[in-house]
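I opened this notebook to keep track of what I looked up, one entry at a time. Here is the chain I was working with.

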Amino acid sequence: MTGRRPIRSTHPGGLRGRSRATRTGVLSAGALVACASLAVGCGVVPGATGGSGDDDPITVMTWAPQDTGATNKPGMPALAQAYARWVNSQGGLGGRQLNVLTCNDHNDSVAAAKCARRAVKENAVAVVGSYSQYADSFFPVLEGARIPYIGGYGLTNTEFTSPLSYPVNGGQPALLAGLGSALADSCGPVTLVRPDTIAGDQLPVLLDSGLSSGGHERAHDQRAAEDATSYDDQSGRALAREGTAPGGPGCVVPVLGDRTGTFMDSFRRASEDHPDVRTATVLGSVDQTTINASGGASGPYEGAYVTGWYPSVGDPAWDGLKKLIKEQAFGNNDVDAADAGVQTTWIAYTVLKEVVESLGDGEVSADTVRRALDGGLEVGTGGLTPDLRWTFADKLASVGFPRLVNADVTLQVVRDGRLVSARQGTVDTTRTLQNADVA
């Protein structure tokens, strides 16, 4: 929806820092409200305080799968709702109230398209901080209405090619390329265990790009059901290959989203006779809770490398998010500061805030938001990412990722049962991805 604000808000600004190590977010938070429609799992957080004169509120949508048998990301819409309550208690975004619609894509292509159509019907100015593997279903709807997609999770290549996409991280491409680079010098044969889905089909070449950059042979590609309740067969097959292949102890890389923990339960039992085989994965498929549940220091993740997009949760740059959770969302276990989906949503709404403020007294609509992003606006995120600026002539355009503007990843390792930084700073995977065969 559109509107003109009468007065610029005087509350503290967004995350504008430029140092990745020292600046912190200044956002505080409001109460968390959860609601959903019976039809497609959609909800709305209306303006909570005061009005904005004759101004229309700013409507956006955040979607993610919930209550499914595969990967679920309920913390993303929950964080979006908390953010809306906070910003409205402070007078809105740039003086305008913020409405956050939420939608459950159910890990289903039809539901994902329904979410997108509802965003169009409700005149959303953007879809912000969302997760869906069904880009082929929702992007055509958004592109037809010219609604920008800000801060998606980075599951599909379309998120890095669509002119309406504004990703805040390097998605699966950067995570897997970075992980492959880290494993090239420390692993014998590598087996990738990944979902037998369209999104999963894109993963092997990305991991291989990192392995190849370090002179390592390609990984063995092993498909698995993304909603299985046991992975005994897959674990056995992966270990059987490791036991016969030359080159020393190998590494098994499960990238199964929420089902990674299920795989590791099976793997732990099957690997008792293969103590030297290591595991590695990407953030979003494992977190500290997963490591604890698998046995901590005595579990199969010990010594495993894990790549992520952002600084570790102990970095001061996350203080603003932690404050929101502590003060306003402490009763909702879905909103976890260590969850990559929650972190991505936080950053995506930071982008939205800076875009709206850049428009001053002008109209806020899908068109004006998109023009601001395409017009060279540079967004700082308080050290959580490099400064973000989207063009179609960036370094990775030549390999089919014209919207991938942040190729940095962090490398972490499980040491004594805790997920800690394996090296200082970030690793830029741009050069690795430039050599990837992603055609």
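**Entry 1: helix α5.** I began with the cut-off I would need: a residue counts as buried when its relative accessible area is under 20%. I also noted that this is a predicted model. With that settled, I turned to helix α5, residues 203-213. Eight of its eleven residues are buried, so the helix is largely enclosed by the rest of the structure. I wrote down the buried ones: Leu203, Pro204, Leu206, Leu207, Asp208, Ser209, Gly210 and Leu211.

What covers the buried residues of α5? I found that the cover includes α4 (171-183), β7 (190-195), β8 (220-224) and α12 (430-434). I then checked what comes after the helix: α5 is followed by glycine 215, which has a positive phi near 75 degrees.

**Entry 2: α4 against α5.** I followed up on one of those covering elements. A reminder to myself: two packed helices are described by the angle between their axes and the distance between the axes. For α4 and α5, I have an angle of about 35 degrees and axes 6 Å apart. Their crossing is right-handed.

On the α4 side of the contact I listed Gln172, Pro173, Leu176, Ala177, Leu179, Gly180, Ser181 and Leu183. They meet Leu203, Leu206, Leu207, Ser209, Gly210, Leu211 and Ser213 of α5. By class, I have nine nonpolar residues, six polar and no charged in this contact.

**Entry 3: α1 against α10.** Next I looked up another helix pair, α1 (residues 75-89) and α10 (residues 340-358). Their axes come within 8 Å and cross at roughly 40 degrees. This crossing is right-handed.

From α1, the residues in the contact are Gly75, Met76, Leu79, Ala80, Tyr83 and Trp86. Facing them in α10 I found Gly341, Val342, Thr345, Trp346, Tyr349 and Lys353. The contact of α1 with α10 divides into eight nonpolar residues, three polar and one charged.

**Entry 4: valine 351.** I stayed with helix α10, where valine 351 is found. Is valine 351 buried or exposed? Its relative accessible area is 0%, so I entered valine 351 as buried. Setting aside neighbours within four places in sequence, I found valine 351 in contact with Ile150, Val168, Leu373, Val379, Leu388 and Trp390. I also looked at glycine 151, which lies 200 residues from valine 351 in sequence, yet their C-alpha atoms are 8.3 Å apart.

**Entry 5: aromatic rings.** I searched the whole structure for aromatic pairs and got 15. I picked out tryptophan 63 with phenylalanine 138, an edge-to-face pair at 5.0 Å centre to centre, with 65 degrees between the planes. This pair links distant parts of the chain: tryptophan 63 belongs to strand β2 (residues 58-64) and phenylalanine 138 to helix α3 (residues 135-145), 75 residues apart. Both tryptophan 63 and phenylalanine 138 are buried. I also noted one aromatic cluster, formed by Tyr131, Tyr153, Trp309, Tyr310 and Trp318.

**Entry 6: backbone checks.** Before this step I reminded myself that most residues other than glycine have a negative phi. Aspartate 67 is not a glycine, but I found its phi positive, about 60 degrees. Aspartate 67 sits in the loop between β2 and α1, and it is exposed at 77% relative accessible area.

Arginine 146 also has a positive phi of about 60 degrees without being a glycine. I placed arginine 146 in the loop between α3 and β5 (149-150). With a relative accessibility of 43%, arginine 146 is partly exposed.

**Entry 7: threonine 391.** One more loop residue caught my eye: threonine 391, between α11 (366-374) and β12 (408-415). Threonine 391 counts as partly exposed, at 21% relative accessibility. Not counting residues up to four places away in sequence, threonine 391 touches Pro402 and Arg403. I also checked leucine 404, 13 residues along the chain from threonine 391, and the two C-alpha atoms are separated by 9.2 Å.

**Entry 8: whole-chain totals.** I closed with the totals. The chain has twelve helices and 14 strands. Of its 439 residues, 59% are buried. Among contacts between residues at least 6 apart in sequence, I found that 72% join residues at least 24 apart. The accessible surface comes to about 16100 Å², and 47% of it belongs to carbon and sulfur atoms.

Key. Residues are numbered from 1 along each chain as its sequence is written. This is a predicted model: local features need pLDDT of at least 70, side-chain atom pairs count only at pLDDT 80 or more; totals for chains, interfaces and linings use all residues. Side-chain values use heavy atoms; hydrogens and water are left out. Axes are lines fitted to C-alpha atoms, for helices over the stretch in contact, and angles run from 0 to 180 degrees between N-to-C directions. Helices (H or I, at least four residues) and strands (E, at least two) are DSSP runs, numbered from the N terminus. A crossing is left-handed if the near helix is turned anticlockwise from the far one by less than a right angle, and right-handed if clockwise. Contact means heavy atoms within 4.5 Å. Ala, Val, Leu, Ile, Met, Phe, Trp, Tyr, Cys and Pro count as nonpolar, Asp, Glu, Lys and Arg as charged, and the others, Gly among them, as polar. Buried means under 20% relative accessible area, exposed over 50%, partly exposed in between (1.4 Å probe, protein chains only). Accessible areas come from the Shrake-Rupley method with a 1.4 Å probe; for residues, only the protein chains shown count as cover. Rings of Phe, Tyr and Trp (its six-membered ring) pair if their centres lie within 6.5 Å; planes under 30 degrees apart count as stacked, over 60 as edge-to-face and the rest as tilted.
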